[in-house]
Amino acid sequence: MGRNPYIDAPPPPLPTKAYSLTIANNGQVISVDPDDLPPAHDGHPGSLLTVLLAAGLDIDHACGGVCACSTCHVYVESGFDSAPEPIDEEEDMLDNAPALRDTSRLACQCVPDGSVDVVIELPSWNRNEVKEDH
Ligand code: FES
């Protein structure tokens with residue numbers, strides 16, 4: 001996992017329960033098992049980015065998942081509160097993100113705890129990654 005040397009905050013806790021991650025754009029449902037989390041090459045362990053990449057979705061993540069860009073921006077439309085609040089550095093990055101919403105998160109920083117299922121929507125620049133016929 002890459003790490004941003006300018007961020008002191010520890011990574012968010014890993015999910016403790018299994019949950020479903022639904023991609024609203026195409027209805028794809030990904031099962032997330034806390035005992036079988038995907039490898040965290042880019043993004044925090046257990047983050048939405050690691051789950052999406054492991055599911056074969058080539059979501060943009062220009063900085064390698066270290067909270068130094070906003071290309072991994074997603075909308076968490078359901079289950080938003082099941083992830084710890086964004087740290088200041090994420091808020092700063094989101095402030096510069098296009099098409100910001102109240103539900104915006106950086107996928108590499110957002111680690112749901114598994115207490116509820118999660119529904120996300122991908123912004124327009126990542127929509128080509130979801131197959132409509134899935
Ligand atoms: S990949 Fe750069 S902030 Fe998430």
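In what order do the 5 strands of the open sheet stand? I looked this up and found S2-S1-S5-S3-S4, with mixed pairing; I took helices (H or I, at least four residues) and strands (E, at least two) as DSSP runs numbered from the N terminus, and counted two strands as paired if DSSP finds at least two bridges between them.

I note that this is a predicted model, in which local features need pLDDT of at least 70 and side-chain atom pairs count only at pLDDT 80 or more, while totals for chains, interfaces and linings use all residues. Residues are numbered from 1 along each chain as its sequence is written.

I then checked the edges, which are strand S2 (28-32) and strand S4 (104-106), each pairing on one side only.

Next I followed S5 (residues 118-121): 3 bridges join S1 (residues 19-23) to S5 in parallel, with Thr22 opposite Val119, whereas the 3 bridges between S3 and S5 join strands that run antiparallel, and there Tyr75 has Glu121 as its bridge partner. I also recorded that S5 has a covered face, Val118 and Ile120, and an uncovered one, Val119 and Glu121.

Finally I looked up the largest nonpolar core (buried Ala, Val, Leu, Ile, Met, Phe, Trp, Tyr and Cys residues joined through C-beta atoms within 7 Å, where buried means that 20 or more other C-beta atoms, placed from the backbone, lie within 10 Å of a residue's own). I found 25 residues in this core, and Leu48, Leu49, Ala107 and Ile120 have the most contacts inside it. The elements giving two or more residues to this core are S1, helix H1 (48-54), strand S3 (73-78) and S5, and H1 supplies the largest share, 5 residues.

Methods:
Buried ≥ 20, exposed ≤ 12 C-beta atoms within 10 Å, placed from the backbone.
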